[in-house]
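Please look over the sequence and the structure shown below before reading on. The report that follows goes through selected features of the fold and its side-chain contacts.

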Amino acid sequence: PARITVCGASYRSAACKMSSIGTGYDLSASQFSPDGRVFQVEYAMKALENSGTALGIRCKDGVVFAVEKLVQSKLYESGANKRYFTVDRHIGMVVAGLIADARQIVENARSEATDYRKFYSSPIPVKVMIIRGN
């Protein structure tokens, strides 16, 4: 078997296993690793496993949002890591997963709602928001 040198350490290729770290196969959600894995999907699933539950229930009188409050650290600012957002006057959102990703999705949704309101002079319908969000 051929010898492989990584960071100064030498390995025989038969004994060396594929590593997901630093291989470059985790840069895109559409790129498969040689062993058939999509690391971006695995990272997203891991983020969901580590986050709390988020729930939205539609009733005849309105909507109820609920999020599970995770263990709070003394280092967190109160209200800094909320997982429920207002997108427009009539659209709200709760999220599970990474808060930074959620903020980006919310900002995109708010931008779509604002653009729609400026162009059509009416609030964006929820169905249109869903289509534009995909």
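## Hairpin, helices and side-chain contacts

In this predicted model, a hairpin of 2 residues connects strand S5 to strand S6. The two strands, S5 covering residues 84–88 and S6 covering residues 91–94, run antiparallel and are joined by 4 bridges. Within this pairing, Thr86 has Gly92 of S6 as its bridge partner.

The hairpin belongs to a protein chain whose secondary structure comes to 3 helices and 6 strands. Followed along the sequence, these elements are arranged in the pattern β-β-α-β-β-β-β-α-α. Of the 134 residues in the protein chain, 18% are buried.

**Salt bridges**

The count of salt bridges in the model comes to 3, and they are set out in the table with the N to O distance of each pair.

| Salt bridge | Closest N to O distance | Citation |
|---|---|---|
| Asp88 and Arg117 | 2.9 Å | |
| Glu107 and Arg110 | 3.1 Å | |
| Glu112 and Arg132 | 3.2 Å | |

The side chains of Asp88 and Arg117 meet in a salt bridge, and this pair links distant parts of the chain, since Asp88 lies in strand S5 and Arg117 in helix H2, 29 residues apart. Is the acidic partner, Asp88, buried or exposed? Asp88 has a relative accessible area of 13% and is therefore buried, whereas Arg117, at 24% relative accessibility, counts as partly exposed.

Glu107 and Arg110, which form another of the salt bridges, both lie in helix H2, where they are 3 residues apart, or about one turn of the helix. Glu107 is partly exposed, with a relative accessible area of 44%, and Arg110 also counts as partly exposed, at 28% relative accessibility.

The side chains of Glu112 and Arg132 likewise meet in a salt bridge, at 3.2 Å from N to O. This pair too links distant parts of the chain, with Glu112 in helix H2 and Arg132 in helix H3, which covers residues 126–133, and the two residues are 20 residues apart. Glu112 counts as partly exposed at 26% relative accessibility, and Arg132 is partly exposed with a relative accessible area of 35%.

**How H2 and H3 are placed**

Two packed helices are described by the angle between their axes and by the distance between those axes. For H2 and H3, the packing angle is about 125 degrees and the axes are 10 Å apart. Because an angle of this kind falls between the roughly perpendicular range, which ends at 115 degrees, and the roughly antiparallel range, which begins over 145 degrees, H2 is oblique to H3. The crossing in which H2 passes H3 is right-handed.

The loop between H2 and H3 contains Ser121. The phi angle of Ser121 is near 55 degrees, which is a positive value in a residue other than glycine. With a relative accessible area of 65%, Ser121 is exposed.

**Aromatic side chains of H2**

The count of aromatic pairs comes to 2. In the pair formed by Tyr116 and Tyr120, the ring centres are 4.4 Å apart and the ring planes stand at 40 degrees, so the pair is tilted. How far apart along helix H2, which covers residues 99–120, are Tyr116 and Tyr120? They are 4 residues apart, and therefore about one helical turn separates them. The rings of Phe119 and Tyr120 have their centres 4.7 Å apart and their planes at 80 degrees, so this pair is edge-to-face. The cut-off that leads to these two descriptions is that planes over 60 degrees apart count as edge-to-face, while those under 30 degrees count as stacked and the rest as tilted.

Tyr116, Phe119 and Tyr120 together form one aromatic cluster, and its members fall into separate classes of accessibility. Tyr116 is buried, with a relative accessible area of 12%, whereas Tyr120 counts as partly exposed at 44% relative accessibility, and Phe119 counts as exposed at 65% relative accessibility.

Conventions:
Residues numbered from 1 in each chain as written. Predicted model: local features only at pLDDT ≥ 70, side-chain atom pairs only at ≥ 80, totals over all residues. Heavy atoms only, no water. Pairing = 2+ DSSP bridges. Phe/Tyr/Trp six-rings, centres within 6.5 Å; stacked < 30°, edge-to-face > 60°. Buried < 20%, exposed > 50% of the residue type's maximum accessible area, 1.4 Å probe, protein only. Salt bridge = Lys/Arg side-chain N within 4 Å of Asp/Glu carboxyl O. Axes fitted to C-alpha atoms, helices over the stretch in contact; angles between N-to-C directions. Parallel < 35°, antiparallel > 145°, perpendicular 65-115°, else oblique. Left-handed = near helix turned anticlockwise from the far one by under 90°.
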